[in-house]
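Biologist: Could you take one part of this model and go through it closely with me? I would like to hear about the second largest pocket and what lines it, and then about the cysteines.

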Amino acid sequence: MLVVVATLLAYLPALRAGYVWDDDYYVTQNLLLREVSGLWRIWVPGQTPQYYPVVFLTFWLEYQLWQLEPFGYHLTNVLLHAANALLLARLATRLMLPWPWALAAVFALHPVHVESVAWITERKNVLSTFGYLLAALAWFRFDASRGDGEPRPWRHYPAVVLWFLFALLAKTVTCSLPAALILLHVWRRDRLDARRLLPLLPLFALGVVLALHTAHLERTQVGADGADFAWTFVERTWIAGNALAFYAGKLVWPWPLIFFYPRWQLDIADVSGWWPVALCALVALGALFAFARGRRGPAVALAFFAGSLFPALGYFNVYPMLYSFVADHFQYLGSLGVLALLVAAFRRLVQRVPGARWLGGAVLVALGALTFHRCFAFADEETLWRDTIAQNPNAWMAQNNLACLEMDRGELGAALVRLRQAAELVTSNKERGRIARNIARVLSRLGRFQEEYEVLDRAQREVGGCEMRLARSLERLGRDDEALPWYERA
């Protein structure tokens, strides 16, 4: 009860928040939620922004209950996060991990998870982790005999498969579950024979199929493909090493937290930029050395951390990497490995220094306070973009999105200045065209049609995708003969 109450208190500002960014595609402008047919259309690939039908099923049900009142959606996210903390404590108790309830409290109150909880769209994380933890608990009920020849309770196996499928259909990052279960068996020194491993094969197959489907949709439907993602394997390794070090650092010292972190300059020729990769390699070697000496915990925890994060480390194309190579919500599930390791290390400290127990209480209070404070950034879209720009002035996507809000309010001069600043900062060819089209919209509303045409003409030559807007711009200038071919191309 303390964990649940502490979670609700820490996330009180989120309960009063509104909608931000992708919430329009997922909820507020998603017509599938308003139609009876949407109940089965959400299961058809291509009907929703991403193929996570279990997430959209919850949104559909909630829309029937409270339509577009944001409080209900936020409350569901917070309660799911609290439930995940309770399930984590239950699983940690079953595995005899040190201080399971301390681990649950740290997970529940850690501010790095605010992005996954306070942002309605990231229902994907809290819901998929809910299914993931239930599948893990069902597995260890199924594996209760621990391979000693006793008959297995097969009645639990369908629950393993169904909860794992539930997790995958909420977010396919959970495809790592079968590998994570093997890691936990290694940590417990269980025998890894065919009797234990064969039931995992259907889980591996499910995970691979749905993960590959998500990767395909990310490229073909979301747009994570093309020159912006043409990194070599060495460059992707550089990104992955820097990302792993970054995520671990944020779990240890969660300040500052930014919606769009500064995007690193990808320069593999700069030796100094490889230090995070070298650090990760040294930590891995140290964990393997400890494993060989009989201390399996660090290696297993870090392998879980890296394995759960692997889909978001850069080896697969993920569209948000146009804005930043890292994001807090990417490590919601993976954080469990490092947090378990930190709690175990702190327990050893308390055993040696009894007064350190009070430090643990202070850490929990500090984490809860940071979470409470971070929730205010998600109050509404404008607050989020202003908070992001204040901490990362080069966040061109935040500049673009804030300018769109200013445009909607009729603040055209301010919007034009902000959009031109974003155009100077943008690093993505895909997004350069979006910003150019927004600049043209402002110029059109200001009656500056010649400038609008010049912006669109340049954008069409550089990145394309402006045929219809260019045709309309030419028509406004009275140049119908030139507009007609662009209409035909559009």
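Modeller: In this predicted model, helix H6 (70-94), helix H9 (123-142), helix H11 (177-187), helix H14 (233-252), helix H15 (275-292), helix H16 (297-309) and helix H17 (335-352) each contribute at least two residues to the lining of the second largest pocket. The greatest share comes from H17, which supplies eleven residues. The volume of this pocket is about 1,200 Å³, and among the 50 residues that line the pocket, those closest to its centre are Gly 297, Ala 301, Leu 302, Gly 337 and Leu 341. Sorted by class, the lining consists of 42 nonpolar, four polar and four charged residues.

Beyond helix H11, one of the helices that supply the lining, the loop that leads to helix H12 (194-197) holds Arg 188. Arg 188 counts as buried, because its relative accessible area of 17% is under the 20% cut-off. The side chain of Arg 188 also makes a polar contact, at 3.0 Å, with the side chain of Asp 190.

As for the cysteines, the count of disulfides comes to zero. Cys 466 shows why no bond is assigned to that residue: the closest cysteine sulfur, in Cys 404, is 14 Å from its own sulfur, whereas a disulfide would need the two sulfur atoms within 2.5 Å. Cys 466 is buried, with a relative accessible area of 1%, while Cys 175, at 23% relative accessibility, counts as partly exposed.

Key. Residues are numbered from 1 along each chain as its sequence is written. This is a predicted model: local features need pLDDT of at least 70, side-chain atom pairs count only at pLDDT 80 or more; totals for chains, interfaces and linings use all residues. Side-chain values use heavy atoms; hydrogens and water are left out. On a 1 Å grid over the protein atoms alone, a cavity is a set of points where a 1.4 Å probe fits but cannot get out, and a pocket is an open set with protein on both sides within 12 Å along at least five of seven lines; lining residues have an atom within 4 Å of a point. Grid points are joined across faces, edges and corners, and a volume is the space filled by probe spheres set on the points. Helices (H or I, at least four residues) and strands (E, at least two) are DSSP runs, numbered from the N terminus. Ala, Val, Leu, Ile, Met, Phe, Trp, Tyr, Cys and Pro count as nonpolar, Asp, Glu, Lys and Arg as charged, and the others, Gly among them, as polar. Buried means under 20% relative accessible area, exposed over 50%, partly exposed in between (1.4 Å probe, protein chains only). A polar contact is a pair of N or O atoms within 3.5 Å; within protein, one must be able to donate a hydrogen and the other to accept it, and residues adjacent in sequence count only if both atoms are side-chain atoms.
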